[in-house]
Each structure stands twice: as C-alpha cells, then as structure tokens.
Amino acid sequence: MIQVKDLTKDFGPRRAIDHLNFTVNKGDVVGFLGPNGAGKSTTMKIITGFMAPSSGQASVAGFDVFESPIEVKKRIGYLPETPPVYGDMYVRDYLEYVAALKGVSKDKIKSFVKNSIEKTNLGDVQTRLIHHLSKGFKQRVGIAQAIVSDPEVLILDEPTVGLDPKQVAEIRDLIKALKGQHTIILSTHVLPEVQATCEKIIIINNGKIVAQDSIHSLAMMEKGQRRLQIRTRKDVLDMISILSSIPQILSVKEGSNQKEWEISLQGGDDVIEAISACLVAKGLGLLEFTPTKLDLEDVFIKLTYGQATKENLKNGVEI
Amino acid sequence: MIGILTIFQKEFKGFVFAPTFWVICFLLSVVFSWVYPIQLDLFAKLLMNYVMQQGVSVNQLNIHYGVFLRQVSYLNLMLIIVIPALTMKLFSEEKKMRTFDLLMTSPVTSFQIVLGKYLAAMGAVLGLILIAFVYPLVTSFLAKIFWGPLFIAFFGVFLLGAVYTAMDLFCSSLTENSLIAYVTSVVLNISIWFVGIGAEVVDSEAGRKFFEHVSLSSHLSSLVEGTIRTNGLIFFGSIIVLFCFLAERVIESSRWR
C-alpha cells in the first residue's frame, strides 16, 4: 500500500531523513517510533504529499506522491502534530467542510460525518465551537477529520499527545477498531502505545531506520536475556558475592535502596530457580521475585539512545 | 471546481459569521452617513447660488461629479485600509494555526485554494460596495440620476477592490503573522498609486507612455467618468491574475521548500 524508496530530505545543510526504505502492506498497523527530532514527522509529511522529498520516492496505492499528489491525497487521512482545526467553526460544520474538501460526494457527507462523530465520541460537543473545547477534545476532532472521508490510509502523527489516560485508552481502542478497514501509520515516542496497537514497528533515529520488524521479533531481539526484580526484607550489602556461584548472571544493579535489586541473566528457568534457591538459603527474607523479559523499551533505548552514547564515548564526551 | 466551491463557501461563511466584516460595514456606514449628506448639502447650495458664483466649472454642476465621484474616491480610500483587514488572515492564520496542513494534504490544488479564498474575499468586498451604493440609491428619490455612469463608476471601484484583494491575498500568503500581512497590504495598496508618477519624471516619449499605461489612476478615471475601455479592463485583469498567480506560487512553494 505504501512504498518508500531511498527517501531523503534535507533542510539546508541538515539532513532530516536519510535514505529511508520501507513498505507497508494493506491493512497493516505500523508504529513509527523514534526520539524527538528523529524525522518521523518529516517522513509522514512526505507520504501525505505535504512536502516533497529531496531525493527518493514514496508511493501510496501505486501513485507517486510527487507525480500525482491529488490521487494520493484522496486516499489519505492525516492527523498532524497539531490538530488542524478552525477555532471559529462548530465541530459538525468543520467535519462537513473537511469531508467536502476531501471529495466526499454531497449525498454521503452527512452519513460520513455522523460515522466519524460516533467513532470518536464527539456526539456531546458536535454543536460547540472548537475554540471552546479542551485540548483532548480538539485532538479527537483532529482524529475525526482524519477518518471522516473513510480513507484507505490513515497517517496519525502522535495521536494521543495531550490526552488524559482515559482518553488515551479510548483512542487506542479506536485505532484498534480501525484496524483492518484502514492501513495505519502511527508515529509516537510513547512505547506502550505501539505495543497496544501496532503489529509492526519501524524505529527511526537521526533520520535513519535502525530497525523494522514485528513487535514480537523486536522484543525477542536480545534472545534469551531476562531480568529479575528482587525485594528483600533485610538489607543486602553485597549481592554480587552472594550470587557469584551462578555464572549466567550478566549484571547486578542496586535499586532505590539495598533491599531492592535488579539482576540481568542469560538462560532459562533453571538459572532463575538457582538464584531463588540461593537467596532463600541465605535467609534474606525474600519478599518479591519477578522475572521479566526484556521489553520493547529496552530495545528502543538500546537502538536509539544507546547508539548516541557509543558515539559520544568515541568522541570523548561524557554523558 | 468542487474544491474551489468548498473553500469559497467556508471562507465566505467565515466572513459573514465573524464580527470583523460587520464592524467594517458599520464603520463604513458611519463614515458615509457623515460625509455623504454634507456633500449632498454642499452640492444643493452650489446649485441654488450658481448664478451668483462666477467661474464654477460646468462639471461641478453635475451630481455625478459633484457628489458621486467624491463618494467613490472616499470609498477607494476606505478600501485601501479595510480590504487588508478582511484578507490578512486568509493565509497567515492558516499557517499560524497549522490548518494549512489540512489544506495541503487535501485533494485540492494550490490554484483552487487561492481562487476559493479570492472569490470569498471578493464577495465580502462586494458587500462593502453595496453598502456604499445605498447612498446614491436613496438619492435617486430626491434627484434625477443617470444610472449608466453611476453603475460604471461603482463597477470601477469594485475592480479596484478586486486589485487590492489580489495584492493583499498575496501579502497574506507570505507570512504567518496577520499584522505583518496587514501592514504590507496597506503599503502595497497605497504604493500602487505612485507607479504612475513615473510619467512626470521620465523625458522620453516612450517612457512617459509606458508609465501612463501602468498608472492605476489613468485607467480608473475613465471608468469613474462612465467610460469602459478594454485596455483598462485588461490592465486591471492583468494585475489581478498576476497577484493571484504569485500567491499560488507561494502556496505551492511550501511543498518543496
């Protein structure tokens, strides 16, 4: 559905994105992940036809975004970082305007608007001026305008920014509900959002793709690594020596005090069993013992900030 | 075509339902309600005493020159100041509020966006001119009026409004700041009157003719006196097309800048 080939964009001497290549299939929900300033929004703007690339190509449903922008724009619903709403318009009028602008035929506008108002739960505020709405509601109006023309492709730039936790959950449910009907690209730097909604992830840093895969395989990238959260009743002065008999332990980190520890290890359940046996034998008063797999957050930080750290160290900069 | 119509409707509604347009209408009618009766009164006094007054030009004894043309020139002065107030937000506000993103990612061309907005602003300008037209219309109950020259004079000032609107729309497309758009618009509206001054300083015949051709006042003066000349229409049309085209280029440039 969306194909991006060697996409590059320069802003003067600064290269915002650098030879991006990726494909999004029909019906996919793809999370576009990266720290601030990584080039997420720029990529999305190019795909929507808002901006032209410096070099490379992007196409949506077989239409090149620069050669036939109108055809592309007919198929895209876009929510920019700031919802593009007119403060002096009523919610319903605004959505009708957007629908007309997107080329929805006159007899269908009412039903399309009704549909998007229902999906985004805007029924109570549809006769109010957008100017008077809270930030969360404005964001929802922004999402409503993206889906009002029932586009094949939805591009959402940080859709849950500024919403309260309940609204965030609602928007996530909404995105889940839109799965299947639309191809969705979602940019964010909030990881649980991606985990909750997306099937595939593209991680981008400094304008380059550092990883693209399904969530499952990304989470398993550090294969076999596990982590243990431990809390004891007594203070433990030297956890490393206590566990020195177990060679599979990679690192031991002290938590907020000497009662809380975090242990990384390589291996399966047998190693965990050995650690628990060791701790119990010492009589430290084991209260909590939680094995976790490395999660997406670790992968993300490793792929993005981890790289920066290495580079900085190379240059002799301490961070 | 549907794109132009959609944007036109939205912007025109924006004018009609926003206070700015009505405040301008109100102020315009306050000014005319003050100035117009005074003009009319002066003209009536002149007619009563004209036998005693030597050397009054014959022109001044005609209501078209004595009253209506003065009103048209006041209207022109008002349009220089008020049209920028109507057009200043058309693009700058879109850019500032990021609603420009919506326009740029909708299946409409830059040309349709500019034309839709231009026509909407022209609708508002027409409203202002109709308000000014009410005064001669009421006068027709008191005096015999030749409608032809009057209509052409108001048509002339409408064309002038169309020129201002095109220039001011262009100014609005250049910036995110409405105030800057307003100031540059007013300066541009005023400065276009000074282009013709060149005719007085150049020596060569060809140069003088050139400046006379691009002088706004020479083209307007024939219109307000009731003569439609094709070269005048073409001149006004060219300025309108030029500035709409420039605005379209500025909008389009945001795609690749």
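**Helix packing, sheet and contact in the predicted model**

In chain B, helices α7 and α8 cross in a right-handed manner. The structure here is a predicted model, so to speak a computed picture, scored at ipTM 0.88 and pTM 0.84. For chain B, the mean pLDDT comes to 90, with 97% of the residues at 70 or more. Where pLDDT is low, the predicted coordinates should not be read in detail.

Back to the helix pair. Two packed helices are described by the angle between their axes and the distance between the axes. Helix α7 of chain B covers residues 147-174 and helix α8 of chain B covers residues 178-191. Their packing angle is about 145°, and the two axes sit 9 Å apart. On the α7(B) side, the residues that meet α8(B) are Tyr164(B), Met167(B), Asp168(B), Cys171(B) and Ser172(B). Facing them from α8(B) are Ala181(B), Thr184(B), Ser185(B), Leu188(B) and Asn189(B). Sorted by type, the residues of this helix-helix contact come out as five nonpolar, four polar and one charged.

Chain B also touches chain A. The contact draws 15 residues from chain B and 22 residues from chain A. On the chain B side, α1 (2-17) and α5 (100-104) are the elements that supply two or more residues. That side of chain B splits into six nonpolar, five polar and four charged residues.

Turning to chain A, the secondary structure adds up to twelve helices and 14 strands. The C-alpha trace of chain A spans about 75 × 45 × 35 Å along its principal axes. Of the 319 residues in chain A, 39% are buried. Among the contacts in chain A with a separation of 6 or more, 67% link residues that lie 24 or more positions apart.

One of the sheets to look at in chain A is an open one built from four strands, in the order β2-β1-β4-β5, with antiparallel pairing. The edge positions go to β2 (14-24) and β5 (63-64) of chain A; each has a single partner strand, so one side of each is left without a neighbour in the sheet. For β5(A), that partner is strand β4 of chain A (residues 55-60), which runs antiparallel to β5(A) and is joined to it by two bridges. In this pairing, Val60(A) has Phe63(A) in β5(A) as its bridge partner. Helix α1 of chain A (residues 40-48) packs on the sheet and touches β1 (2-11), β2 and β4 of chain A. The direction of this helix makes about 120° with that of β1(A).

Two asparagines in chain A deserve a look at their backbone. Most residues other than glycine have a negative phi. Asn121(A), though not a glycine, has a positive phi, near 55°. Asn121(A) belongs to the loop between α4 (106-119) and α5 (135-147) of chain A. Is Asn121(A) buried, exposed or partly exposed? Asn121(A) has 15 C-beta neighbours inside 10 Å, so it counts as partly exposed.

Asn206(A) also carries a positive phi, near 50°. Its place is the loop between β9 (200-205) and β10 (208-214) of chain A. Asn206(A) counts as partly exposed because 18 C-beta neighbours fall inside 10 Å, where being buried would take 20 or more.

Note on methods:
Residues numbered from 1 in each chain as written. Chains lettered and ligands numbered in written order. Predicted model: local features only at pLDDT ≥ 70, side-chain atom pairs only at ≥ 80, totals over all residues. Contact = placed C-beta atoms within 7 Å. Nonpolar A, V, L, I, M, F, W, Y, C, P; charged D, E, K, R; others polar. Axes fitted to C-alpha atoms, helices over the stretch in contact; angles between N-to-C directions. Left-handed = near helix turned anticlockwise from the far one by under 90°. Pairing = 2+ DSSP bridges. Buried ≥ 20, exposed ≤ 12 C-beta atoms within 10 Å, placed from the backbone. pLDDT = per-residue confidence, 0-100.
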